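Open the model in your viewer and keep the sequence panel beside it. This tour goes stop by stop, telling you what to select and what is there.

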Amino acid sequence: MSIEFTPTEMMTIAAARALTNDDVCFVGIGAPSAACNVARLTHAPDITLIYESGTIGTKPDVLPLSIGDGELCDTALCTVSVPEMFRYWLQGGRITTGFLGGAQIDRFANLNTTVVGDYDRPKVRLPGGGGAPEIASNCSQIYITMALNKRGFVDHLDFITSMGHGEGGDHRARLGMKTKGPTRVITDLCIFEPDPATKELTVVSSHPGVSRATIEENCGWPVRFAETVAETPAPTTTEISVLRDINARTKKAHEAA
């Protein structure tokens, strides 16, 4: 029996599938948080979720509004100070995967969450980096989840907040960075992975019913496709049910607050 699902649901579930039971994952708020908790509630019950506020092994019943949401601390195995979180856990190389989002991304998976336009006279001033620059630099690898549109997927970033693959190729290594950087970008239309040599984002999987033309129309640069592009498996009944249940609980809890 076919299941109806939205592009956002497909993106969240595809992102959740990228995680494993053994991951120690630094979680961003929003779409990354939804994906990580769907993974925890389905195929990866033993995943360790860490949020920037210092909550380790948290298992929220509803999705947090921010890193300071009490739900995270209430359900965590323990909570450490922010300096300990960054210096010991993150910079100490103890986190396998960082899960980030952003306002803008370029073809080498660099992220902008600072300004659109000139820094001193921006068209839009964004929330800023928070811990994302350190997450992007120090986690063993990074997954990014963002809706694919020309507003977010741009040919040129006015400001690089979080380093992806820089100018491409071995740029990270030349800067002394020993981590892999972004290894997957999951969108509502397709999945990108960096080319092994150039590090330019390349479509490796398209979601059910999404054409190459649609992907190209929604991206701000000429899209590269892998030699063989897979079709992302559609969400299962269990995956959809878990995602919708946690979204419903979250909505109810936040409306009550």
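Leaving aside its neighbours within four places in sequence, which residues is T79 in contact with? Select T79 and look around it: the contacts are S53, G54, T55 and C73. Keep in mind that this is a predicted model.

**Stop 1: T79 and T55**

Stay on T79. Its place is in strand 4, residues 78-79. T79 is partly exposed, with a relative accessible area of 41%. Now add Y51 to the selection. T79 and Y51 are 28 residues apart in sequence, and their C-alpha atoms are 9.7 Å apart in space.

Next, select T55, one of the contacts of T79. T55 is found in strand 3, residues 55-56. Is T55 buried or exposed? T55 is buried, because its relative accessible area is 2%, and buried means under 20%. Show what T55 touches, leaving out neighbours within four places in sequence. You will find L49, I50, L72, C73, A76, C78, T79 and M85. C73 is in contact with T55, and C73 is in contact with T79 as well.

**Stop 2: the whole chain**

Zoom out and colour by secondary structure. The protein chain has eight helices and 14 strands. Its C-alpha trace spans about 50 × 45 × 35 Å along the principal axes. A compact globule of 257 residues would have a radius of gyration near 18 Å, and the chain, at 18 Å, agrees with that.

Switch on the surface. The accessible surface comes to about 12,100 Å², with 52% of it belonging to carbon and sulfur atoms. Of the 257 residues, 50% are buried. Among contacts with a separation of 6 or more, 65% join residues 24 or more positions apart.

**Stop 3: helix 2**

Select residues 31-41. This is helix 2, and nine of its eleven residues are buried, so the helix is largely enclosed by the rest of the structure. The buried residues are P32, S33, A34, A35, C36, N37, V38, A39 and R40.

What covers these buried residues? Turn on the surroundings. The cover includes helix 1 (7-17) and helix 8 (237-256). It also includes strand 1, strand 2 (48-51), strand 5 and strand 10 (141-145).

**Stop 4: the largest pocket**

Select G28, I29, G101, T113 and A132. Of the 21 residues that line the largest pocket, these lie nearest its centre. Three elements give two or more residues to the lining: strand 1 (24-27), strand 5 (97-100) and helix 5 (132-138). Strand 1 and strand 5 also appear in the cover of helix 2.

The pocket has a volume of about 440 Å³. Colour its lining by class. You get twelve nonpolar, eight polar and one charged residues.

**Stop 5: the cavity**

How many cavities of 30 Å³ or more does a search of the whole structure find? The search finds one. The largest cavity has a volume of about 30 Å³.

To find it, select L100, A109, L111, A136, I142, I144, S162, M163 and P182, which line it. By class, this lining has eight nonpolar, one polar and no charged residues.

**Stop 6: two positive phi angles**

Keep A109 from the cavity lining. A109 is in the loop between strand 6 (104-105) and strand 7 (111-112). A109 is buried, at a relative accessible area of 1%. Check its backbone: phi is positive, about 65 degrees, although A109 is not a glycine. Most residues other than glycine have a negative phi.

Jump to K199. Its phi is also positive, near 70 degrees. K199 lies in the loop between strand 12 (190-194) and strand 13 (201-206). K199 is partly exposed, with a relative accessible area of 22%.

**Stop 7: L157**

Finish at L157, in the loop between strand 10 and helix 6 (171-174). L157 counts as buried, at 8% relative accessibility. Draw a distance to S140. The two are 17 residues apart in sequence and 24 Å apart in space, C-alpha to C-alpha.

What does L157 touch, not counting residues up to four places away in sequence? Show its contacts: Q104, I105, D106, N110, L111 and N112. One of these, L111, is in the lining of the largest cavity.

Note on methods: Residues are numbered from 1 along each chain as its sequence is written. This is a predicted model: local features need pLDDT of at least 70, side-chain atom pairs count only at pLDDT 80 or more; totals for chains, interfaces and linings use all residues. Side-chain values use heavy atoms; hydrogens and water are left out. On a 1 Å grid over the protein atoms alone, a cavity is a set of points where a 1.4 Å probe fits but cannot get out, and a pocket is an open set with protein on both sides within 12 Å along at least five of seven lines; lining residues have an atom within 4 Å of a point. Grid points are joined across faces, edges and corners, and a volume is the space filled by probe spheres set on the points. Helices (H or I, at least four residues) and strands (E, at least two) are DSSP runs, numbered from the N terminus. Ala, Val, Leu, Ile, Met, Phe, Trp, Tyr, Cys and Pro count as nonpolar, Asp, Glu, Lys and Arg as charged, and the others, Gly among them, as polar. The radius of gyration is taken over C-alpha atoms; the globule rule is 2.2 Å times the number of residues to the power 0.38. Buried means under 20% relative accessible area, exposed over 50%, partly exposed in between (1.4 Å probe, protein chains only). Contact means heavy atoms within 4.5 Å. Accessible areas come from the Shrake-Rupley method with a 1.4 Å probe; for residues, only the protein chains shown count as cover.
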